[in-house]
Amino acid sequence: MPTPALTSLPIRRLTLRDLSVCADLSEDRGWPREEHKWGLLLSAGKGYGIDDPDGGLASACVVTEYGPQEQPALGAIGMVLVAERHARQGIGRRLMRHVVSAMDSTPLTLYATPHGRPLYEELGFKVTGRAEMLRGYFLPDAGGPAVGVSTRAATAEDLPALLRLDEEVFGTDRTHIVTRLPAFADQLRVAEENGRIVGYAAAWPNMDTHVVGPLIARDTPTATALIASLAAHTDRPLRTDIDVRHEELLAWAKNHGLESIAFNAVMTYGITEPPGDWTRRFAPVTVAAG
């Protein structure tokens with residue numbers, strides 16, 4: 001039987017049952033398997049894939065929708081992957097066109113690597129920002145944590161306040177992500193002032209690191225206190241993606257042992273910039289989910 005042309009293979013929805021083949025596809029492209037992250041994305045978002053006639057996936061991506069279910073306010077596209085053996089044959093372009101069409105009038109956003117950016121620009125996405133990826137072992141201040149911002153582990157009673165703060169800063173509802181954080185992350189911490197939550201952050205396991213995200217904070221001192229408090233409770237290196245407009249936080253993180261390892265372009269489709277208050281949005285949950 002002749003192998004069907006890749007451009008004619010059906011595109012189907014992925015589910016948690018596809019977690020292993022999604023991880024295989026990541027590995028095929030030289031990425032970590034990241035099964036923990038794939039699990040979150042496939043359960044909280046919509047996966048799309050094209051099956052390889054020879055087994056596994058030829059291509060995949062995930063869309064995480066935010067806002068009202070009947071009419072999402074935003075869709076974040078991530079984990080756009082094409083198997084090495086099928087690269088540069090138009091299959092990634094076909095999958096992305098399908099996803100953009102399926103999202104209809106919903107505004108879209110994504111984080112693009114330099115390699116992927118030309119395709120997204122061809123599809124009509126515009127660069128609206130940039131994020132810097134940092135990684136390293138956190139070096140605490142010699143005198144201990146700075147006094148002034150109080151942090152503690154989050155509790156179940158904090159959830160309503162976290163959801164209100166998150167929607168205010170992110171610009172639309174993402175209850176389906178925030179409510180998964182206690183199980184997904186190894187740490188979930190809040191910053192308080194006079195009994196009011198003014199920021200929160202999670203650290204979740206990804207291979208040998210703890211990824212800091214989301215990071216929502218009233219200001220830079222609050223963000224630094226949250227990162228320092230997360231670092232104090234792990235012996236793994238930290239990794240995070242910081243909006244480059246937060247120059248003060250980036251400088252602080254680099255002075256505390258984290259090193260720059262990559263830049264990604266923040267791109268949007270149908271809107272001029274992501275919603276919400278960027279001044280208090282320091283890092284995403286993961287670049288794959290916006």
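Me: Where in the secondary structure does P214 lie?

Reply: In this predicted model, P214 lies in strand β10, which covers residues 209-217. The peptide bond that joins P214 to G213 is cis, with an omega of about 0°.

Me: Why is N264 called buried?

Reply: The relative accessible area of N264 is 7%, and the word buried is reserved for values under 20%, so N264 falls within that class. N264 is part of strand β12, residues 259-269, and, when neighbours within four places in sequence are left aside, the residues in contact with N264 are Y111, A112, T113, G129, R130, A131, M133 and D241.

Me: What makes R130 partly exposed rather than buried or exposed?

Reply: R130 has a relative accessible area of 42%, and because partly exposed denotes what lies between the 20% limit for buried and the 50% limit for exposed, R130 takes the intermediate label. R130 sits in strand β6, residues 126-136, and, not counting residues up to four places away in sequence, R130 touches I242, D243, V244, F263, N264, A265 and V266.

Me: How far apart are the C-alpha atoms of R130 and C61, and those of N264 and G45?

Reply: R130 and C61, which are 69 residues apart in sequence, have C-alpha atoms 21 Å apart in space. For N264 and G45, with their positions 219 residues apart along the chain, the C-alpha separation is 21 Å.

Me: Why is R152 given the label partly exposed?

Reply: R152 has a relative accessibility of 25%, and since buried requires a value under 20% and exposed a value over 50%, R152 meets neither condition and is called partly exposed. R152 belongs to strand β7, residues 150-153, where, apart from neighbours within four places in sequence, R152 is in contact with D158, L188, R189, V190 and E192. The C-alpha atoms of R152 and Y200 are 9.5 Å apart, with 48 residues separating the two in sequence.

Me: What makes T175 partly exposed?

Reply: At 26%, the relative accessible area of T175 lies in the interval between the limits of 20% and 50%, so the label partly exposed applies to T175. T175 has its place in helix α6, residues 175-178, and its C-alpha atom is 9.6 Å from that of L162, which is 13 residues away in sequence.

Me: E34 and R88 each have a positive phi although neither is a glycine; is E34 buried or exposed, and is R88 buried or exposed?

Reply: E34 has a phi of about 50° and is located in the loop between α1 (19-28) and α2; its relative accessibility of 7% is under the 20% limit, so E34 counts as buried. R88 has a phi of about 60° and is found in the loop between β4 (74-82) and α3 (91-102); its relative accessibility of 73% is over the 50% limit, so R88 counts as exposed.

Me: Which residues of the largest nonpolar core touch the most other members?

Reply: That core has 39 residues, and those touching the most other members are W38, L42, Y66 and Y200. Its largest share, five residues, is supplied by helix α2, residues 35-44. Not counting residues up to four places away in sequence, W38 touches L19, C22, A23, S26, R33, V62, M79 and L81.

Me: How do you know that the radius of gyration agrees with that of a compact globule?

Reply: For 290 residues the globule rule leads to a radius near 19 Å, and because the chain itself has 19 Å, the two agree. Along the principal axes, the C-alpha atoms fill a box of roughly 70 × 35 × 30 Å.

Me: What can be said of the chain as a whole, in its secondary structure, burial and contacts?

Reply: The chain has nine helices and 13 strands, and buried residues make up 50% of its 290 residues. Among contacts with a separation of 6 or more, 72% are between residues 24 or more positions apart. The chain exposes about 13,200 Å², of which carbon and sulfur atoms supply 52%, and the mean positions of its 29 positive and 36 negative charges are 3 Å apart.

Key
Residues are numbered from 1 along each chain as its sequence is written. This is a predicted model: local features need pLDDT of at least 70, side-chain atom pairs count only at pLDDT 80 or more; totals for chains, interfaces and linings use all residues. Side-chain values use heavy atoms; hydrogens and water are left out. Helices (H or I, at least four residues) and strands (E, at least two) are DSSP runs, numbered from the N terminus. The radius of gyration is taken over C-alpha atoms; the globule rule is 2.2 Å times the number of residues to the power 0.38. Buried means under 20% relative accessible area, exposed over 50%, partly exposed in between (1.4 Å probe, protein chains only). Contact means heavy atoms within 4.5 Å. Accessible areas come from the Shrake-Rupley method with a 1.4 Å probe; for residues, only the protein chains shown count as cover. Lys and Arg count as positive and Asp and Glu as negative; His and the chain ends are not counted. The place of a charge is taken as NZ of Lys, CZ of Arg, CG of Asp or CD of Glu. A nonpolar core is a set of buried Ala, Val, Leu, Ile, Met, Phe, Trp, Tyr and Cys residues joined through side-chain atoms within 4.5 Å.
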